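Hi everyone, thanks for making time for this. Today I'd like to walk you through one structure, going from sheets to helices and back again.

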Amino acid sequence: MLEEWNMGTIPHPPGRDPELLDAPNSDFVKPMQKLFSWSQELGPIFETQAPGFGMVVASGSDVCKDLFDDSRFEKFAGFGMEAFRPITGDGLFTARNDEENWGLAHRVLLPAFSKEALARYHEPMRESVEKFIAYWHEQRQPVDVGGESTKLSLDIIGRAGFGYDFGTMGPEAGRHPYVDAMVEALMFSVLPPDLQEQRREDFEGWVRLLNKTVDAVIEERKGNPHHEQRDLLDAMLRNVDPETGRTLPEENVRYQITTFMVAGYGTTASLISFALMYLYSHPEVLQEVRQEAAEVLEGQSPTFAEVPRLRALRRVIDETLRLWPPTPAFLRVAKEDTTVGGVHQVAKGGWAAVLTRALHHDEAWGPDRHEFRPSRFLPDEVKARPAHIYKPFGTGPRMCIGRQFAIHSATLALSALTTEFDLQLSEEPLSVAEGGFFIPDNLTATLTPRS
C-alpha cells in the first residue's frame with residue numbers, strides 16, 4: 001500500500017471517485033498503457049488507488065535514478081509477481097531477495113547464459129529461423145505479425161532452451177494452448193485483489209495446464225538420458241552450484257523452466273514483432289539493414305561470430321526496446337528511509353513501479369523522444385546521455401539473465417526475415433495487447449518473397 005510514502009508530494013489521476021477511487025477510470029485489459037497515458041499527464045511520479053490496493057508509479061529520469069540506486073533500493077517481488085508465484089514459485093524472476101533458491105539458481109544458471117553457452121544455442125536458433133522462413137514461404141494470406149512472432153519465439157525457446165518442439169509451425173498449427181494459459185495467467189497477476197478472487201478457478205486451471213506442459217518437457221528429457229545438447233534444461237538438471245555443491249531441487253527446476261518459457265517467448269516475440277513494424281514502415285532504415293547484411297553475410301546465414309557485426313540491425317533492436325520495451329514495468333522497494341527525486345520521502349518497505357516505457361520516453365531523450373530513430377544508439381550518442389534512462393531488461397543484480405539470448409535470437413530472425421521477404425503492413429491504427437508483455441494484436445502483413 002502507500003503508507004510508507006509522503007503522499008502530499010505525489011499527484012494522482014483526475015476524477016477520483018470517493019469510494020471506488022481510480023477504478024472507474026482504469027483499464028484492466030490494457031493497464032500499463034493506461035499508466036503510460038497517466039504518466040504523460042501527471043509527470044515523473046504519481047500514485048493510483050483502487051479498493052484494497054494502491055501503488056506509486058515512477059517514470060521520470062531523476063526519480064528513477066534514485067530508485068536504481070542498489071544501496072537504497074532492491075527488486076520488490078510483490079504486486080503482480082506475488083500473484084504469479086503459484087506458477088513460477090521461487091524461480092529467478094519471482095523469487096524474493098532473501099530466498100535461498102534465488103542465489104542458488106543464479107549461480108547454477110549463470111554459466112548457461114555465457115558467451116560460450118550462447119554459441120551452443122546459435123545452431124538450434126538458426127534451425128528454428130530457417131524452419132520459420134520455409135513456413136512463411138508457404139503463406140499466401142495476410143499474416144498476424146504478433147501471432148506469427150509468438151510462434152517463432154516459442155519454437156526458438158523450446159528448441160534452443162529445452163530441446164522441445166511445440167509444433168507451432170505448419171498449415172494446421174494454431175496458437176499453442178500453453179501460450180494462451182501464459183497470457184491469461186500473466187493478465188490475472190496484475191488484476192486488483194477483488195478481481196483476482198473472481199477469476200481464481202480459471203487461474204488454477206491455467207496453472208495445471210502450464211505445469212502439465214512443463215512436466216512433459218522434463219519427462220521427455222529424462223527419457224533421453226544421452227541427450228547431446230547442452231542447453232538450458234541440461235543446466236537446470238545437471239549444473240552444480242560452485243559454492244555449495246548442490247544442484248537445483250526438482251520443484252525449482254519446474255519453476256525455472258516456466259520462468260524462462262514465459263520470459264523467453266514474451267520478450268522475443270514482442271521484440272521481433274515491433275521491430276518488423278518499424279523496419280517496414282521506415283524504408284530508409286530497412287535499406288540500411290539489408291545493405292549491411294549483404295556486405296557482412298554475403299548471402300549466407302550468419303555464423304555466431306557474424307551476428308555482432310550486424311550493427312545497424314542491433315541499433316534497430318535497441319531503439320525498438322526503447323519505444324516498446326517487452327516488460328512494461330518492474331518494481332523497486334526501499335531498503336531504508338530515504339528520498340527520491342529530491343522531494344518525495346519514502347520509508348523502508350515502500351515500493352514503486354518503474355514504468356519502463358514512460359522512462360524511455362522521458363524528456364532526457366530529447367525533443368524527438370517519441371520517434372523511431374535507431375541512430376540514437378550510435379556510440380557517440382550513447383556515451384553522451386545518462387545510462388540510467390535506458391532499462392529494457394530491468395536493473396541491478398536482478399536484471400534479466402536471459403537478455404543476450406533474446407537479442408541474439410531476434411537478430412537472427414530479423415536478419416533472415418528482412419532478407420527473404422517484403423512486408424506490406426496493414427494501415428489501421430496500432431492496437432497493443434498486454435499479456436505480461438507488449439505485443440501488437442492487430443498488425444497484419446502481406447508477404448512477398450524477395451527474388
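Let's begin with helix H3, residues 81–88, and helix H7, residues 177–189, which pack at an angle of about 145 degrees. One thing to keep in mind throughout is that this is a predicted model. A quick reminder for the newer members: two packed helices are described by the angle between their axes and the distance between the axes. For H3 and H7, that distance is 8 Å, and the crossing is right-handed. Which residues meet there? On the H3 side we find Ala83, Phe84 and Ile87, and they meet Ala185, Leu186 and Ser189 of H7. Sorted by class, this contact has five nonpolar residues, one polar and no charged ones.

Next, the five-stranded sheet. Strands in a sheet pair through backbone hydrogen bonds, and they can do so parallel or antiparallel. This sheet is open, its pairing is mixed, and the strand order is S1-S2-S8-S5-S3. At the edges are S1, residues 45–50, and S3, residues 73–75, each pairing on one side only. On average, neighbouring strands here are turned by 35 degrees against each other, if you ignore direction.

Let's look at one pair in that sheet. S3 and S5, the latter covering residues 329–334, run antiparallel and are joined by three bridges. For Lys75, the bridge partner in S5 is Arg332. Packed on this sheet is helix H1, residues 31–42, which touches S1, S2, S5 and S8. The direction of H1 makes about 135 degrees with that of S1.

Now to the second sheet. How many strands does this open sheet have, and in what order? There are three, ordered S4-S12-S9, with antiparallel pairing. S4 (143–144) and S9 (421–425) each have a single partner strand, so one side of each has no neighbour in the sheet. Two bridges link S4 to S12, residues 444–449, and Val143 has Ala445 as its bridge partner in S12.

Lying across S4, S9 and S12 is helix H5, which runs at about 60 degrees to S9. Here is a small check you can do yourselves. H5 has 23 residues, 115–137, so at 1.5 Å a residue it should span 33 Å; the end C-alpha atoms are 32 Å apart, which agrees. H5 also has a kink of about 35 degrees at His122, shortly before the proline Pro124.

Finally, H5 has a helix partner, H16, residues 403–420. Their axes come within 10 Å and cross at roughly 35 degrees, in a right-handed crossing. His122, the residue at the kink, is among the H5 residues in this contact, along with others including Leu118, Met125 and Trp136. Facing them in H16 are residues including Phe405, Leu412 and Glu420. By class, the contact divides into 12 nonpolar, five polar and two charged residues.

That's my tour, and I'm happy to go back to any part of it.

How values were computed: Residues numbered from 1 in each chain as written. Predicted model: local features only at pLDDT ≥ 70, side-chain atom pairs only at ≥ 80, totals over all residues. Heavy atoms only, no water. Pairing = 2+ DSSP bridges. Helix = DSSP H or I, 4+ residues; strand = E, 2+ residues; numbered from the N terminus. Axes fitted to C-alpha atoms, helices over the stretch in contact; angles between N-to-C directions. Contact = heavy atoms within 4.5 Å. Expected span 1.5 Å × (residues − 1). Bend = angle between axes of the 7 residues up to and from the residue. Left-handed = near helix turned anticlockwise from the far one by under 90°. Nonpolar A, V, L, I, M, F, W, Y, C, P; charged D, E, K, R; others polar.
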